[in-house]
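Open the model in your viewer and keep the selection tool at hand. We will go stop by stop.

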Amino acid sequence: RCSSRASSGEAATVGAVLVTCYAAMVFAMATPARLAYGSNPTALRRASNTRITPRRCVSVVVASGRRASLTSFPRFRNAGVPASRLVSSTRTRGAASLDAASVLPDETRARHMYPPTTYFTKPGEEVLMQFGESMRIEELPTNTRVAYPGIRANAPSDPKTMRAMVEHALDNPIGQPPLREKIRTLLRKKENPKILFAFDDVSIPLPPMRSPDIRVLILEEAERRCIEEGIDSKNIKFVCSIALHRYIREEEFKHVCGKKLFAKYFKTGQMTNWNAVDKEFSTEIGTTKNCEKVRVANEFAEADLMVYANVNYVAMDGGYKSYATGLVHYETLKYNHDSSTLKKTQSLFDPPRSALHQSIIRIGKVMQKHTDVFHVETVLDDNRFPWYLSWVQIMWRRMNVLRKIVAKISCFFLKFTPNWLRLLLFWGPLVRGQFGLVQVTAGETEAVHEETLKANYEDSIVDIDGQADILVLAPTCIGPYTKDTYLNPLLVNTYALGYYYNMYVGGVPLLKQGGAMVVVNPMPYKWTSPTHDAYRAIFEEAVGPLGPERFETLQERFANDDKLNDIYRAGLGPAAVHGFYMYTWASHGMEKVGKVFVVGATDDRGPDALGWEKKNSVKEAVAAAREWMGDPDATATFWQAPPVGYARVSVGSEQERARIAKESECPKGQAKRLKSEAETKEAETKEAKVATEKAEKAKAQKAKADAEATKAMMARMGQAKKEEEVKKEEAKKEAETKEQAKKQEAEKTQAKKELRKTVGSNAAAVAAKTPTEPSTSAASASFKKPRALATPRTERAMWLGAVTVAPAHLDGALPGDQGFDPLGLGKDGTRIAWYQEAELVHGRWAMAAVVGIAGAEASGASSSWWSAGSAQYALPTNALLAVQFLAMGVLELKRLRGFVDFGESGVAGSFPFDPLHLASDGTKIAEVKHGRLAMLAFVGIAAQTVVYRVAPLAALRDHVESPFQCNVFQNVQHLGQTFEFVASTM
C-alpha cells in the first residue's frame, strides 16, 4: 500500500517522523515511573508491566456490593435444581478451580478512575477532540458546558480470572438450568442433537480486544461442556451473526473463536458466516403478533440448542438484538430498520423506549420459541487503549503536563501523516483494547439482558441539568463500520446523528428539539473500495438527490443489486442495502436537529449533500449557531467521547418537559407535528364513528336476542307450569282413588267383623282401646326441612346423562341434585336435611384437608403429612387432645343446636354463617361439587399414602416425569409386590 500511495522517499520521511513521535510519547509516559522508582531496574520493570491505574477485582457482576461471594448469588442459581446436583454436575479445571475469594469485589477500591462530571469552560480553555482518523485540540467558547462520561475502575483482565467468571456463569445461569443440565436433558430426548454456537462479529468491541477475546473463553468452555456430556463434534456448528455486515475473515475467526476451535471446526466447514441476503440460506419459522414474518438462518432453524456469545459494548446491543438481528434475513430486518421505526425510537440506548427494540423483541420471542437459546452476555470495562494511549480518554482539564505534551505532539504529527498510514496505525496491532471483564451472565435472554443493562448503566450515566441549545460532537474513526476502512461522509452522519445524538436515557435528549449541532470532523470524500462501494453509490444516488424524506424509494433496487451484493458474498464488504440502514440509523436525530454545522471539513461534497454548513473552528460554529437561532445566549454543550456514557437530563416536572419539547420545536418539525395531529384526529373521528355504528348494531342485535330468549323462556315456563298442573291433577286423582279403595276395604272389613260378633266385637274393642304409635320420633320431627335452592333446577345435569330416571323425591330443589339416590335414603323427608348437613360438613373438612396437605408439601413445610401426629409440639399429646376435645366439643354442640333450631349450621351464634353475603344458588351448588370432589381426592391421597408412603404432589411429579411407568395400570399390575414391600418396611 505504501508503494501505491507514496514514494519510497516519502515513506522514509513518514517513518522517521513516526518513530520520533512514538519515542517522545513513550519517554513522556514512562517519566512518572522513573521519577517514582529512580534507577532501580526491577521496580521500573514492574511498573512498566503494571496497568497505570489501580485495578478493581470484580466477580460475575460489577462490584457494587450487591453480592458477597461466587456461591451466594440467589438470582444466578437454578431454583429447580438442588445445590448438591449443581456441584456434582459441574466439572472444573485450571482457572475454574480458583478460590472464590480471588474473584470477589474489592469494595475498598474506587468505582471510577475518573468519575463522570460536568463543568463550564473558562476563557481560552481547550479540550482534546477526535478528528476522524486524527485528533485536534480545540478552544471552546467561554461557559461551554463539558459533559464527561468518566472511566470506571478496571475490572479483571487476566485470562484465568475471566475464564473462572465464564465457567461460573455457565454453571449458575438465571432463568434456565445450567448448560450441562440442558445438554443432558437434550440427549435424553434426542439421540444426536444439533448444537449451534453463534457469536457477535468484529464490529464490537472497539478497538478490537487483545487476545484472548472474551468470546474465545465463552465458546471454548461451552464447547468443552458439550463434548464432555456426549455431543458428537460433527453435530456442532459455529456461525457468526453478521446479518448484513461484512463477512469476518479467517484471521478474525481465529481471533474471535480461538486457535483451538478454529483448527477443529473451520476446515470442516462447521465455522461459517451467515448470509442474510440469499433466501436459500434461510427458513421462515413463523410470524409475530404484529404480522412480522420471521425468516432465520438455516443453522438456527435446524438446531436443537443455540449458545450465543455476546460482547455488550453499549446498552443498544445484546438481548434479543443479538440473534433477532444478527441471524435473520433481510426481509425480517426491514420491519425495524426503516426510518419510520427509527423516528419513533426515543434513544437507541434506552431499549424500553425504543420502537426498534420492541420489534426485535417480538421477533426474538418467536425465534426463542422455535429453538432453545442459552444466552451468554458480557460487559467490558472502559480500558479501551494500551497504556501509551490511555490519555485519549482522559478529560483535558485532568491531564497532567506530560500527557498534554504527548497529546499535542501526537496531534501535530498526525496532521502530516498520510490517511493510509493513519488507518494502519488506528486499526493495527498497536491499538488493541485492554478490556477487563465487569460482568458475565448466562441463561434466559430477557433475564440475562436485564442484568446486562444494569451493569451497562452503572457508573456510566452523566446527570445533566437541562438540555443544550447547541451540541458539540467529535466522532471518532474507530467505529463499528470503519474497521480497516476510511470514515466517509455517510458514516460521519451515522455516528453523529445516529449514535452520539442518541446517547441519552430517560426520554430527554441532551440537545433541545430544533437545536443546532456542531460536528468536528474533516469529512474527507474517501470511500474504501470495494468495501464501501455500496455506501458511495447510495450516498450519491439516494441520500444527496432525494434526502431523508424520499431516499428509501430506491432501497429495493439496491437490495436486489447482484453486482454490489457479490462484494458481500465475497466477504469484501457489507450487503448493498446496508448503506440505507446507515442513513436510516440517523433518522431520529435528523428529524429532531434543526441545523448542523461541520468544523474542519476538507471536502465540500459530503457537507453539501447532507445540507451541513462548513466552519473553521468550534468557536465560529457556535457563534453561527447562535445567530441562526436568534439567541446570543444560547447554551452550548460538548459531549466528550470516548469514553462511552449516557446522558440523563433533568428538566423538572412532566409539564415542564412537555413545554420544553414544544418550545424547542423547529418550524419544519412543528409543521410535521400539526399535520400528524390533524391526521390522527381525523383517523380517531372515523374510528369513533365506526365504533359507534358497531355499538348500535351490536345493541340492536343484543335486544333482538334478549327478546327471543325471553320469549323462549316464557314458553318453557308456560310448558313447565302446564306439566306441573297435569302432574298435580294426576296425583290428586290417584290420591282420591286410593282413598276410595281404602274406604271400600274398610267397609268390607267392617262387614266381616259384624259376621263374627263374638270374636270380632272383642277384637274391635281391643283395637279401639289401643293407642296409635307415632310414625316418627320426636327428634326426627324437630329437624327442619332441607336447604333448597331459590329456583329449583327443572333442567339439570343427571349423573348418567339422559338415561337417568330421577327418584320422585329428588326434584332439583336441593343443591347438587343430579338424580343420584340408589339406596333411597332421601325418601324419608324428615332425615334428608340431616343427610344434607352431614355431606356439607364432611365436604368442608375434606376441602380444608386437601388444601392443607398440598399447600404444606408445595411450600416445603412438610412432605409427609401423615407423620404430623407423631411430631413433638409445645404441649404434651394428652394436653393437646384435651384442648382439642373441649374446643371441638363446644363448637360442634353449638353447630348442632343451630342446625336443630334454624335448619342450617354456622359458627358461634351466627346461623347461617355468611358475613359477606355470598350465599346464592350458584355458590351453594359450587360448594357441594367442590366438597364431593375433595372427599374423593382425600380418599385417593389417603390410599396413595397407605400403599406407597408418598405425598400427592410427589406422586403427581413422578407421573408427569414417567407417565407410562407411574400410572394406575402399572400400580394395579404390581399391587401384590407393593403390599409385600410396604409390609416388610413397616
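The tour below visits loops, a helix pair, a sheet and a helix in a predicted model.

**Stop 1: a loop with a positive phi**

Select Asn143. This residue sits in the loop between strand E4 (134-139) and strand E5 (145-148). Its phi is near 65 degrees, a positive value in a residue other than glycine. Is Asn143 buried or exposed? Asn143 counts as exposed, at 53% relative accessibility.

**Stop 2: a cis proline, then a helix pair**

Move to Ile204 and Pro205. The peptide bond from Ile204 to Pro205 is cis, and omega is near -5 degrees. Pro205 belongs to the loop between strand E7 (195-199) and H7.

Now show helix H7 (residues 214-228) together with helix H8 (residues 250-257). Their axes come within 6 Å and cross at roughly 70 degrees. H7 is therefore roughly perpendicular to H8. Turn on side chains at the contact. From H7, pick Arg215, Val216 and Leu219; they meet His255, Val256 and Cys257 of H8. Four residues of this contact are nonpolar, one is polar and one is charged.

**Stop 3: a three-stranded sheet**

Select E15, E22 and E17. They form an open sheet in the order E15-E22-E17, with parallel pairing. Which strands stand at the edges? Strand E15 (461-465) and strand E17 (504-505) do; each has a single partner strand, so one side of each lacks a neighbour in the sheet. Zoom in on E15 and strand E22 (residues 646-650). Five bridges link E15 and E22 in the parallel sense. To see one bridge pair, pick Asp465 and its partner in E22, Ser650.

**Stop 4: one loop, two features**

Go to the loop between strand E18 (511-520) and helix H19 (533-550), where Pro530 is placed. A cis peptide bond joins Ser529 to Pro530, with omega about 5 degrees. Met523 is also found in the loop between E18 and H19. Met523 has a positive phi of about 50 degrees, although it is not a glycine. With 0% relative accessibility, Met523 counts as buried.

**Stop 5: a 28-residue helix**

Finish on helix H30 (residues 832-859). H30 has 28 residues and reaches 40 Å from its first C-alpha to its last, close to the 40 Å expected at 1.5 Å a residue. Colour its buried residues, including Ile832, Gln836, Leu840, Gly843 and Ile853. What do the buried residues of H30 pack against? Show helix H31 (877-902), helix H32 (921-948) and helix H33 (952-961): these are the partners. Last, click Gly860, just after H30, which takes a positive phi of about 85 degrees.

Definitions and conventions:
Residues numbered from 1 in each chain as written. Predicted model: local features only at pLDDT ≥ 70, side-chain atom pairs only at ≥ 80, totals over all residues. Heavy atoms only, no water. Axes fitted to C-alpha atoms, helices over the stretch in contact; angles between N-to-C directions. Helix = DSSP H or I, 4+ residues; strand = E, 2+ residues; numbered from the N terminus. Parallel < 35°, antiparallel > 145°, perpendicular 65-115°, else oblique. Contact = heavy atoms within 4.5 Å. Nonpolar A, V, L, I, M, F, W, Y, C, P; charged D, E, K, R; others polar. Pairing = 2+ DSSP bridges. Expected span 1.5 Å × (residues − 1). Buried < 20%, exposed > 50% of the residue type's maximum accessible area, 1.4 Å probe, protein only.
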